[in-house]
Amino acid sequence: VVRDFDESHPDFESKPWEQFPSFRGNQPTLGIVEKILGDDSKPVYRGNITVTSKLTFDQWYSDTPNVNRPVQVKLNLTRQPDGTLQAKHDEFFPLDFLGNLHPVHKHKFWFTMEMHTVFRYHGGETFTFDGDDDLWVFINRSLAIDLGGMHGALRASVNLDTLGLNKGEVASLDLFYAERHTFESHFRVDTTIDFDEDLCTDHEHMLLGTVPSNNLGGPGGLLFRGTGVVPMKPQQELELAITVKDGSTYSPGSMQNGKFGEYVLISVKADSKVALQFRFRDPNTKTPKKLAKTYLSLLDLDAISPGLSSESVEIGGFTNKILSFPTEVMEEPVGSGATRFSASAAGTVDDNPQDANLLTVGQKKRVVTLEFQDVSVMEAKLSCTVGNTDCDFMFAVSPTLLCTFNVGPPAPPPVTQTATTTMTTTATTTVTTSETVQFCVIDISAFNIHLICFPEKQWWMFWK
C-alpha cells in the first residue's frame with residue numbers, strides 16, 4: 001500500500017537542518033520507532049528529530065481521510081542471474097500516474113509505503129536496502145534494519161543468520177518506507193530470500209503455472225498448465241481446464257480472465273450467471289486425472305452495496321468446508337446437494353488478495369475453502385446481481401485457510417465443517433450418541449488438535 005500525502009503535512013518537506021543542530025543528511029536518524037511492531041503490525045512511534053509528533057507519525061501508515069490517500073501498487077522483484085531477487089528504482093515515483101506532479105521536479109513526492117510478506121528461512125539469507133528516505137524492515141516483528149529520517153541514499157544490510165531464526169520456520173517480513181523530501185527518490189532491494197517459494201507443503205494443492213488458453217466461453221476455455229503438489233510425493237504435471245457447462249452462456253465482465261498472482265480470476269458481467277466445469281487433466285494426453293484429494297477456495301466474495309453488484313457461488317460435491325471464525329461468508333442450501341456461498345460485507349478492488357501466502361484477517365473472513373475427494377471434475381455456478389459493476393471471482397486450487405498466514409498477530413484457527421447427508425459436523429462437530437448430544441469444536445491451532453465439547457450449543461456456534 002502506498003499512501004499519497006500533501007506537502008503541507010508537517011513531517012514532509014520540512015527543513016530539519018535549520019531546526020536541529022544535530023541533524024546530518026548523510027546518516028540515518030536512529031530510534032524514531034520502537035524495536036517491536038505494534039499489535040496492528042505498524043511501527044510504534046518512539047520519538048526523534050524530523051518527526052513532529054506521535055499523532056503525525058501514526059498517519060504515515062494508516063488510512064487517514066483528508067490527510068492521505070491509499071493506493072494499491074505492485075512492487076516486482078526480478079530474479080537475477082545469480083539467483084537473487086532485486087527491485088532497483090533509481091527514480092522511485094510509484095504515484096506519478098495519479099498526476100498533480102511537482103511543478104519543478106515533475107514527479108509526485110511525499111508518500112509512504114508498507115509491504116508485508118512471509119517466507120521460509122533456510123539459512124544464509126540476506127536482505128539489503130539502498131535508498132532514501134525512511135526505511136524500516138522488521139523480521140518476525142523485530143526491527144532488523146533502521147534507516148529512519150530524512151537523508152540521501154543510504155545502504156544497510158541484515159544477515160538473517162544473526163536473528164535467531166530456526167531453519168525451516170516460516171518468518172514474516174514487514175517493510176515501511178517514506179519519501180518525504182524533494183528532489184530525488186531512490187529505492188533498491190537485493191535479497192537472497194525466496195519470496196516465490198511455495199509454503200503450502202502440508203496439503204494437496206495446485207500451482208497454476210502458465211495460461212496457454214484464455215478463451216472462457218469459446219474453444220479451449222480457460223486453461224492452466226501447472227503442477228500438482230501432494231505431501232511426501234513427487235510433484236506432477238497437471239492441467240486445469242475451466243469451461244462453460246453445456247446449456248449455460250457466459251457474459252464476460254470488464255476484467256481480463258486468467259491468473260492473478262496464484263489465483264484464478266474470472267470476470268462476470270453484472271446481472272448474469274454462468275455454470276462452469278473445472279476439469280483436471282493430464283497436460284499431454286488430455287485424459288481426465290482423478291485426484292484423491294483436492295481443494296477449491298472461493299476468495300474475496302463481495303456483498304452488495306449501493307449501486308454495486310453482489311457475488312455468489314453455488315457449488316456441491318465437497319466433503320468438507322473450512323471457514324474463518326468469525327466469517328463474513330453466508331451459506332444456504334439450494335437443492336441437489338449444492339450450497340450457495342455469498343458475502344455479507346461490501347468490498348473494493350483495493351482489498352483483493354495479492355499474496356498466495358499471506359492474507360489480512362479481513363480477507364480471510366471472505367474465504368471459504370472446500371475439500372473434494374476422488375474427483376476429476378468440479379462444477380460451480382457464478383452469479384452477479386444487477387448493479388453498475390461487474391463481478392470478479394477469485395479461486396485458489398489450494399486450501400487457502402489452512403495454508404496462508406495473516407498480517408499481524410495469529411488469527412483464530414479456521415473452522416472445518418464436514419458435509420454429510422445426515423448431519424453437519426465441524427471442526428466443529430455435532431457428536432450424537434444414544435444417550436447424550438454434545439456440541440464440539442476442534443482446535444487445530446498449530447496442528448496440535450484438541451477436541452473441546454459442550455453440553456449445550458454455544459452462542460458462537462453459527463452452523464446448524
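Two rings of Phe, Tyr or Trp pair if their centres lie within 6.5 Å. I needed that cut-off before looking at clusters of rings.

**Entry 1: the model.** I noted that the model is predicted. I looked up the secondary structure and found 4 helices and 32 strands. The protein has 464 residues, and buried ones make up 49% of them. I then looked at contacts with a separation of 6 or more, where residues 24 or more positions apart account for 69%. For the surface, I read that about 22,000 Å² is exposed, and that carbon and sulfur atoms supply 52% of this area.

**Entry 2: the aromatic cluster.** I asked which residues form one aromatic cluster. I listed F5, F12, Y45, F57, W60, Y61, W136, F138 and F176. I also looked up the total for the structure, which is 24 aromatic pairs.

**Entry 3: F92 and Y177.** I picked out the pair of F92 and Y177, whose ring centres are 5.7 Å apart and whose planes meet at 75°. This pair counts as edge-to-face because the angle is over 60 degrees. Next I asked where F92 and Y177 lie. F92 is in the loop between β4 (85-89) and β5 (111-120), and Y177 is in strand β10 (residues 170-179), so the pair ties together parts that are 85 residues apart in sequence. Are the two residues buried or exposed? F92 has a relative accessibility of 4%, so it counts as buried. Y177 is buried too, at 0%.

**Entry 4: F318 and F341.** I turned to the pair of F318 and F341, with ring centres 6.1 Å apart. Their planes stand at 50°, so I entered the pair as tilted. F318 sits in the loop between β19 (311-316) and β20 (320-323), while F341 belongs to strand β22 (residues 338-343). The two are 23 residues apart, and the pair links distant parts of the chain. I checked burial here as well, and both F318 and F341 are buried.

**Entry 5: the nonpolar cores.** F341 came up again when I looked at the largest nonpolar core, which has 42 residues. The members that touch the most other members are I242, I266, L276, F341, L382 and F395. I followed L382 further and asked which residues it touches, leaving out those up to four places away in sequence. They are I266, V268, S272, K273, V274, L276, S312, V313, F393 and F395. Apart from the largest core, I found another core of 29 residues, including L154, L160, L175 and V189.

Key
Residues are numbered from 1 along each chain as its sequence is written. This is a predicted model: local features need pLDDT of at least 70, side-chain atom pairs count only at pLDDT 80 or more; totals for chains, interfaces and linings use all residues. Side-chain values use heavy atoms; hydrogens and water are left out. Rings of Phe, Tyr and Trp (its six-membered ring) pair if their centres lie within 6.5 Å; planes under 30 degrees apart count as stacked, over 60 as edge-to-face and the rest as tilted. Buried means under 20% relative accessible area, exposed over 50%, partly exposed in between (1.4 Å probe, protein chains only). Contact means heavy atoms within 4.5 Å. Accessible areas come from the Shrake-Rupley method with a 1.4 Å probe; for residues, only the protein chains shown count as cover. A nonpolar core is a set of buried Ala, Val, Leu, Ile, Met, Phe, Trp, Tyr and Cys residues joined through side-chain atoms within 4.5 Å.
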